[in-house]
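Dear colleague,

I am handing over the structure below for your records. A summary of what was found in it follows.

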Amino acid sequence: MSTPEQRKALRRYWEERERVFAEYRAADAAYDAAFDEWCKFPRLPRPARPMMRAAPDFPEECRNMTCGAKTRQGHPCRQTDLYPNGRCKFHGGASTGPTTAKGKRRSALNGLQRKAKPMER
């Protein structure tokens with residue numbers, strides 16, 4: 001069973017992890033640009049790959065944490081593979097639908113398509 005404190009700790013872990021990986025992606029992009037420049041002028045010293053800090057360790061209090069949401073039968077959910085919000089894919093999944101105008105247009109067109117008829121034998 002998960003408590004609100006555990007879910008907060010899990011959320012803090014995922015936020016910190018995302019910050020570390022955002023820094024890594026930015027440093028990697030800067031290194032790629034420097035390496036491309038070095039390829040044009042190989043007489044320059046080759047750029048060094050930046051040292052990055054490690055991702056944070058998973059919080060010990062969140063190990064074996066379950067979703068804990070009430071199922072239709074009224075029992076607590078026992079799923080242990082959780083999203084950053086502390087819930088499983090059935091009780092607080094990641095998708096909230098399309099957010100961009102292009103995605104919303106594509107989603108609206110899905111309802112207008114005819115369903116394929118099953119092949120007759």
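I begin with one charged pair: Arg25 forms a salt bridge with Glu18, and their closest N and O atoms are 2.7 Å apart. Please note that the model is a predicted one. Both partners of this pair are partly exposed, Arg25 with a relative accessible area of 47% and Glu18 with one of 43%.

As general background, side chains of opposite charge can pair when their charged atoms come close. In this structure the count comes to six salt bridges.

Another of these salt bridges joins Glu16 and Arg53, with the closest N and O atoms 2.8 Å apart. The pair links distant parts of the chain: Glu16 belongs to helix α1 (residues 4–40), while Arg53 is in the loop between α1 and α2 (101–110), and 37 residues separate the two. Glu16 is partly exposed at 22% relative accessibility, and Arg53 counts as partly exposed at 43%. The two residues also belong to a network of salt bridges that links Glu16, Arg19, Glu23 and Arg53.

Asp28 and Arg49 form a salt bridge as well, their closest N and O atoms being 2.7 Å apart. Asp28 lies in helix α1 and Arg49 in the loop between α1 and α2, so this pair ties together parts of the chain that are 21 residues apart in sequence. Asp28 has a relative accessible area of 22% and is partly exposed; Arg49, with 49%, is partly exposed too.

I turn next to the nonpolar residues. The largest nonpolar core consists of nine residues: Ala9, Leu10, Cys62, Met65, Cys67, Ala69, Cys77, Leu82 and Cys88. Within this core, Leu82 may serve as an example. Apart from its neighbours within four places in sequence, Leu82 is in contact with Leu10, Met65, Thr66, Cys67, Arg87 and Cys88.

Cysteines are among the members of that core, which raises a further point. How many disulfides does the structure hold? The number is zero. Cys88 is in no disulfide, and the nearest cysteine sulfur, in Cys67, is 3.8 Å away. For Cys62, the closest cysteine sulfur is also that of Cys67, but at 14 Å it is too far for a bond. Cys62 counts as buried, with 4% relative accessibility, and Cys88 is buried with a relative accessible area of 1%.

With kind regards

How values were computed
Residues numbered from 1 in each chain as written. Predicted model: local features only at pLDDT ≥ 70, side-chain atom pairs only at ≥ 80, totals over all residues. Heavy atoms only, no water. Core = buried A, V, L, I, M, F, W, Y, C linked by side-chain atoms within 4.5 Å. Buried < 20%, exposed > 50% of the residue type's maximum accessible area, 1.4 Å probe, protein only. Contact = heavy atoms within 4.5 Å. Disulfide = S-S within 2.5 Å. Salt bridge = Lys/Arg side-chain N within 4 Å of Asp/Glu carboxyl O. Helix = DSSP H or I, 4+ residues; strand = E, 2+ residues; numbered from the N terminus.
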